[in-house]
Amino acid sequence: MSNSRIRKGRRGRVSAAVASLAVAGLVLTACSSGDGDDTASDSQDSTESSETQEEAADDSAAEESTTEESGGMGDMCGDDTIRIGISLPLTGDFSQPGQEAQRGYDVWAELTNNAGGLLGRPVELVVLDDASSQEQVVTDYNNLISQEKVPLLLGTFSSLLNFPASTVAENNEMVLIAPAGGSPKIFEPEPKFYFFAQQATAPDQANPFVNMIASLPDDQKPKTAAYVSMDDPFALPVIESMQEQLEAAGVETVYTGIYPEGTTNLQPQAAAIAAQEPDLIAQGSVFEDGISLAKSMVQIGYSPDFMFQTTAPSFGAQYVEGVGEGNENGVFFAVSWSEKAPTEGNAEFVAEYQAQNGEGLVPSEDSANAYVAAEVLQTAVEAVGDCDNPAIADWLRANSVDTILGELSWDDIGRPQGDFLLAQWQNGTVEIVAPEVATTNGGELIVPKPGWQ
Amino acid sequence: MDLLQVIAFGVLLGGVYALLASGVTLIFGVLDVVNVAQGSFLVFSALFTWQIWSLLGLEPLLLVPVMGLLMFVIGWAIYRGLLVRVAPQGPGMTVLLMFGVAIAMEGVLNIVFGNEFKSVTPPYFTSSFKIGEIVIPYPQMISGVLAVVVLGGIYVYLRKSWAGRALRASAQNKDGAALVGISATKASSLAFGIGAMTAGVGGVLLAIMYPVYPATQYDWIARLLGIIVLGGMGSIPGAIIASMLLGISESIASAYVPQWAPVFFYGAILVILLFRPHGLLGEKTREDVAA
């Protein structure tokens, strides 16, 4: 599940001289990449190309024109083109999922415009780069709201960045639908305008795997388990929830370890875990750490009967290449989306993604999640008939939306109410093995995990 | 768990760190330039290694001299083309310049290679052997051996060759060296080239040991700066000792108290700098290098 590629800034703590110079450089770099030329030019373009919301409200001629075009709807959307503000980590530590998310948004914009637009108007995405910085993402969304005066927002990538972004959205009473950002911490302030556009929040990601374990015959169930996780706002709650549920089911915990964000070498942890010989290893991983643990286990020569990892296995070919072909076989992970899913619009999404990015290229889950966030916003705006953010939030709390992930619905504070999919690498391909309605192979499992290649 | 196993992992990791940090500290020792682009040099080398390996299927270790030479040339060109013009403005400007180089390289790599993780996976990349009960992964072992070879080569070059002596002389006293016919610009470009060359060699090994993508540079430059500060900026032996300290402390902490692993190393830097502001071997080794 690629919900939180949280590889936070890991700048060195060096001597005072080096550190001060480095910080100065970073600040300048961040300013130039995220808040400098791009933003300035975007602002300029915005000023030249469209009126602000307030100006539009005062401009009766424009209102009449808009009303005429949209059949009396969408007055709060501004003139003609509906501009949607997005900040994404296009550079820096989260640039990979950030760029994937942008592809998903672009696919949605293209399909929407080809189908007549939103409320009958073309949509335009105003995308700023937050450089994977929590400070910059706040600046970006403030700029989008106060300078660009976009009537609608879409979320950025990862819990780490959506957390500060959600506070900006709350303060401005603007809906923020996030493609990634299911950490429980985001929902602690009980947001009214933040909605997570996947099936469930982080702790529930463990459920399908736990249910699968519970469904096994007793002689196949793991007796002992090791839990290791990056100290990540998304990955850690998954593993903590899994440990709690499996302990309640009688699986003995023989190892627990939490390592800091940015850790990429897990050889020592692998040695510690292997020494306990657990039947199950569950890891809250992002990517490099997931690769490192699996590779280290191969090198040490310990293969557990069950292996579950968050996020890393969802990287597809990159994961297979990283752990070595064949070593992915039998690894479980939770996902929100599958290219094989028979959900409405999924085939069109995949086709347009490939048209834009290359034939035969399988969209990443991150792209799909961004597409879904935009789908949700589109459905709500069309249902409300305007870019009235409080009305959109109310509508989302009261209704469900059909997406390429399936039907999504939310509680009062924007937490989705569904279930993730459980996937397993099986002989070089990813199969959805649970829940039953979503299986791509009839629910057949590879248990126990085959030995390393 | 066997403490010896954990320490063995730490020593091997330290060897990798030593190889990667030696270039940064050499450049600082001679040029007074903190090369914050060394991480991007590493990633550049790693991604080119991946490209050649995936296209031709060559044994990646054969690319060690190729990438070393390529990075030497690139480093030399960066010094001659950019740094030599900015260096008179002082260390602050050179740091900013190298930040610019790092960001530009990341952008170019992003465009050329895409924003995906790349791994070089020769048959031995997940293999290991045992000494008694201690597991030694081949990639880390190879890195350790190469680190010894490269660092030993640099040491011999600096001490025995005329160019190495000239380089050390220039590091000690540029004006004095110039009086005896040593060009500071040539010595500095040579030092920068050698520093970049270590990144070329390290990048090949990096691609075998870890998945790499353009932004990976940030992970590495932070560690490398920590190492050269602890070891004493400009001191190659200091960087080796600091690398071992980081590798072993990181390994032990990761095995027993993983959440606190970074505190051990960076805490050690703080404490040591309180008592030795120039790092472990800062003064002594700079005298050695310049002797």
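## Backbone outliers around strand 3 of chain A

In this predicted model, Lys149(A) counts as buried because 21 other C-beta atoms lie within 10 Å, where 20 or more are needed. Lys149(A) is found in the loop between helix 5 and strand 3 of chain A, and although it is not a glycine, its phi is positive, at about 55°.

Ser132(A) presents a comparable topic on the other side of helix 5, in the loop between strand 2 and helix 5 (134-146) of chain A. The phi of Ser132(A) is near 65°, again a positive value in a residue other than glycine, and with 31 C-beta neighbours inside 10 Å this serine counts as buried. As background, most residues other than glycine have a negative phi, and most peptide bonds are trans.

## The three-stranded parallel sheet

Strands 2 and 3 of chain A, which flank these loops, belong to an open sheet of three strands, arranged in the order 2-1-3 with parallel pairing. Strand 2 (123-129) and strand 3 (152-154) of chain A are the edge strands, each of them pairing on one side only. On average, and with direction ignored, neighbouring strands of this sheet are turned by 25° against each other.

Strand 1 (residues 82-88) of chain A is joined to strand 3 of chain A by three bridges, and the two run parallel. Within this pairing, Gly85(A) has Leu153(A) as its bridge partner in strand 3 of chain A.

## Leu377(A) in helix 14

Leu377(A) lies in helix 14 (residues 365-384) of chain A and is buried, with 27 other C-beta atoms within 10 Å. Once its neighbours within four places in sequence are left aside, Leu377(A) is in contact with Leu152(A), Leu154(A) and Ile177(A). The C-alpha atoms of Leu377(A) and Cys387(A), which are ten residues apart along the chain, are separated by 9.8 Å.

For chain A as a whole, which has 15 helices and 14 strands, 58% of the 453 residues count as buried. Of the contacts in chain A between residues at least 6 apart in sequence, 73% join residues at least 24 apart.

## Two hairpins and the segment after strand 14

Strand 11 (residues 400-403) of chain A shows alternating side chains, with Val401(A) and Thr403(A) pointing to one face and buried, while Ser400(A) and Asp402(A) point to the other face and are not buried. In general, the side chains of a regular strand alternate between the two faces of the sheet. A hairpin with two connecting residues joins strand 11 of chain A to strand 12 of chain A; four bridges link strand 11 to strand 12 (residues 406-409), the two running antiparallel, and Val401(A) has Leu408(A) as its bridge partner in strand 12 of chain A.

Strand 13 (residues 421-426) of chain A and strand 14 of chain A likewise pair in the antiparallel sense, here over five bridges, and Gln426(A) stands opposite Thr429(A) in strand 14 of chain A. Their hairpin has two residues between the strands, and Asn427(A) takes a positive phi near 50° there. Because five of the six residues of strand 14 (residues 429-434) of chain A are buried, this strand is largely enclosed by the rest of the structure. A cis peptide bond, with omega about -5°, joins Ala434(A) and Pro435(A), and Pro435(A) has its place in the segment after strand 14 of chain A. Pro448(A) lies in the segment after strand 14 of chain A as well, and a cis peptide bond joins Val447(A) to Pro448(A), with omega about -5°.

## Chain B: helix packing and the contact with chain A

Helix 9 (residues 217-231) and helix 11 (residues 261-275) of chain B pack at an angle of about 30°, with their axes 10 Å apart. Since angles under 35 degrees count as roughly parallel, helix 9 of chain B is roughly parallel to helix 11 of chain B, and the crossing of these helices is left-handed. Gly226(B), Val229(B) and Leu230(B) in helix 9 of chain B meet Phe265(B), Tyr266(B), Ile269(B) and Ile272(B) in helix 11 of chain B. The residues of this contact divide into six nonpolar, one polar and no charged.

Between the chains, 44 residues of chain B are in contact with 43 residues of chain A. The elements of chain B that give two or more residues to this side are helix 1 (3-31), helix 4 (91-113), strand 2 (134-137), helix 9, helix 10 (236-256) and helix 11. Helix 9 of chain B provides the largest share of the side that touches chain A, with eight residues. By residue type, the side of chain B that touches chain A divides into 30 nonpolar, eleven polar and three charged residues.

Note on methods: Residues numbered from 1 in each chain as written. Chains lettered and ligands numbered in written order. Predicted model: local features only at pLDDT ≥ 70, side-chain atom pairs only at ≥ 80, totals over all residues. Pairing = 2+ DSSP bridges. Axes fitted to C-alpha atoms, helices over the stretch in contact; angles between N-to-C directions. Parallel < 35°, antiparallel > 145°, perpendicular 65-115°, else oblique. Left-handed = near helix turned anticlockwise from the far one by under 90°. Contact = placed C-beta atoms within 7 Å. Nonpolar A, V, L, I, M, F, W, Y, C, P; charged D, E, K, R; others polar. Buried ≥ 20, exposed ≤ 12 C-beta atoms within 10 Å, placed from the backbone.
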